[in-house]
Amino acid sequence: MALVDRVAHRLKLRDLRLLQAVAQWRSMAKAAAHLNLTQPAVSKAISDLEHMLGVQLLDRSRQGIEPTAHGQALIKRGIAIFDELRQGVSEIEYLSDPTSGEVRVAASISMAAGILPVIVGRLSQRFPRISILAREVPIASLQFHERPYRELRERAVDLVLGQIIGPPAAEDLKIETLFGDPLVVATGTQNRLVGRRGVALRDLVDERWCLPPSDSLAGSRCVEAFHANGMDIPKRNVTTMSVHLQIGLLATQQYFTMWPGSLMRFSASRLSMKGLPIKLAVRRNIVGIVTLKDRTLSPAAQLFIQTARQVAKPLMDAG
C-alpha cells in the first residue's frame, strides 16, 4: 500500500491536533494537560504517527520539543485541514441560516480606529446573527520583524484590512484595492489654529507633535511629508505607536499629528479631532483587503467584504 493510501486509512484528525499541541507547548506533559489526556497517551499517539509515516516528527532536547522539518510540513498542512473543516461547518450553518456565521478580521491600527467600526456596524445591522472576531495588527516596521500577513497565512483570520504592504503580487495572496488614503494634519477641535485661514505646515514647526516612529510605515510617511516641505521632524515631538496616547494628547488642544484621511473621515467627530486644510505632498496609501488565494471564504466573510466595498466607495470616488 502506498504511503498516501496508508495515511488516508489510518490518520485521524485527533493525531494532527495532538501534534500541533505538542509543538505549541513544546512539552508532552503540557500538551497532555491542555488536552485533558495522560502523557503516555500523547507519547504513544506521536510514536504511532511517526511509525506510520516512517519519519521523525519531533526533536527532543533539554530546552523542550521542536518539530523537525517533517513535523513542520505536517503541522502546516494540518492547519489548512482544520481551516477547511471550519469553513465547511460555516457553510453548513449558512445553508441553515443565511444570516449567521463568523468572520475573523485582522485590521491595522488606523483601520480599527476609523473605517472598521463603520463596516462592522453596517454589517451587524443587516445581519445581526453574524459574529465578528477582530484582531488589531500593528503597522509593520520597515524592517518587517514579522512576516507580513502572518495571521492570514497561518489561517488565524479570514482576511486582512489595511494598508497593502510587501510585494504587490505575492503568489499566495489575493489583493483587492478599496481606496487611496491621504495623510491629514490633525489636532483637537478647540486648538487655536482650527479655522485659521492660510495655515501651512511650516507654521507648525515649533508646535508640539505626536507622531509614530520614523522606522514604521506610518512614521516614514510623516517624515516624507516634512521633507517635501524642506523640514525635519519637529523637535517638540512625542514618538509613539499608541493611537490612544495620540488621541489623549490631541484632547489637550496643544498637540498635532498626521493621520490617515479615512480615520479622520469616519472618527474625527467621535474623537473630537479636526483636520487642518494643509495639503501634504505625500503619496496616498493603498488600502485594501487581502485574502489567501485558492481558499474558499465563508459566506460571512464574503458579506463582510461586500459591506467594506460599500463603505469604502465614497473614498474611492474621492480619490
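**Close-up views of a predicted two-sheet chain**

**View 1. Strand S12, a mostly covered strand.** S12 is mostly covered, with 7 of its 8 residues buried. Buried means under 20% relative accessible area, exposed means over 50%, and partly exposed lies in between (1.4 Å probe, protein chains only). Strands (E, at least two residues) and helices (H or I, at least four residues) are DSSP runs, numbered from the N terminus. The model is predicted: local features need pLDDT of at least 70, side-chain atom pairs count only at pLDDT 80 or more, and totals for chains, interfaces and linings use all residues. Residues are numbered from 1 along each chain as its sequence is written, and side-chain values use heavy atoms, with hydrogens and water left out.

**View 2. The partners of S12.** Two strands pair if DSSP finds at least two bridges between them. S5 and S12 pair in the antiparallel sense over 4 bridges. Within this pair, Leu161 stands opposite Ile289 of S12. Val160 has Val290 of S12 as its bridge partner. S6 also pairs with S12 in the antiparallel sense, over 8 bridges. Here Ile175 has Val290 in S12 as its bridge partner. Strands of a sheet pair through backbone hydrogen bonds, either parallel or antiparallel.

**View 3. The open sheet that holds S12.** The sheet has 5 strands in the order S4-S3-S5-S12-S6, with mixed pairing. Strand S4 (129–137) and strand S6 (173–181) stand at the edges. Each has a single partner strand, so one side of each is left without a neighbour in the sheet. From one strand to the next, the twist averages 20 degrees. Axes are lines fitted to C-alpha atoms, for helices over the stretch in contact, and angles run from 0 to 180 degrees between N-to-C directions.

**View 4. The parallel pairs of S3.** Strand S3 covers residues 100–108 and runs parallel to S4, joined by 9 bridges. Ala106 has Arg135 in S4 as its bridge partner. S3 also runs parallel to S5, joined by 3 bridges. In that pair, Val105 has Leu159 in S5 as its bridge partner. S5 is largely enclosed by the rest of the structure, because 4 of its 5 residues are buried.

**View 5. Helix H12 across the sheet.** Helix H12 (residues 299–318) lies across S3, S4, strand S5 (159–163), S6 and strand S12 (285–292). H12 runs at about 30 degrees to S6. Contact means heavy atoms within 4.5 Å.

**View 6. Val120 in helix H7.** Val120 sits in helix H7 (residues 115–126). Is Val120 buried or partly exposed? Val120 counts as partly exposed because its relative accessibility is 23%. Leaving aside its neighbours within four places in sequence, Val120 is in contact with Ile132 and Phe304. The C-alpha atoms of Val120 and Ala225 are separated by 32 Å. These two residues are 105 residues apart along the chain.

**View 7. A second view of an open sheet, S9 to S11.** This sheet has 5 strands in the order S9-S8-S10-S7-S11, and the pairing is mixed. Strand S9 (237–239) and strand S11 (273–275) stand at the edges. Each has a single partner strand, so one side of each is left without a neighbour in the sheet. Neighbouring strands are turned by 30 degrees against each other on average, direction ignored.

**View 8. S7, S11 and helix H10.** Strand S7 (residues 183–188) pairs with S11 in the antiparallel sense over 3 bridges. Gly188 stands opposite Met273 in S11. Helix H10 (residues 243–250) packs on the sheet. H10 touches S7, strand S8 (208–211), S9, strand S10 (255–260) and S11. The direction of H10 makes about 135 degrees with that of S10.

**View 9. The whole chain, for orientation.** The chain has 12 helices and 12 strands. Its C-alpha trace spans about 80 × 50 × 35 Å along the principal axes. Buried residues make up 46% of the 319 residues. Of the contacts with a separation of 6 or more, 76% are between residues 24 or more positions apart. The chain exposes about 17000 Å², and carbon and sulfur atoms supply 53% of it. Accessible areas come from the Shrake-Rupley method with a 1.4 Å probe; for residues, only the protein chains shown count as cover.
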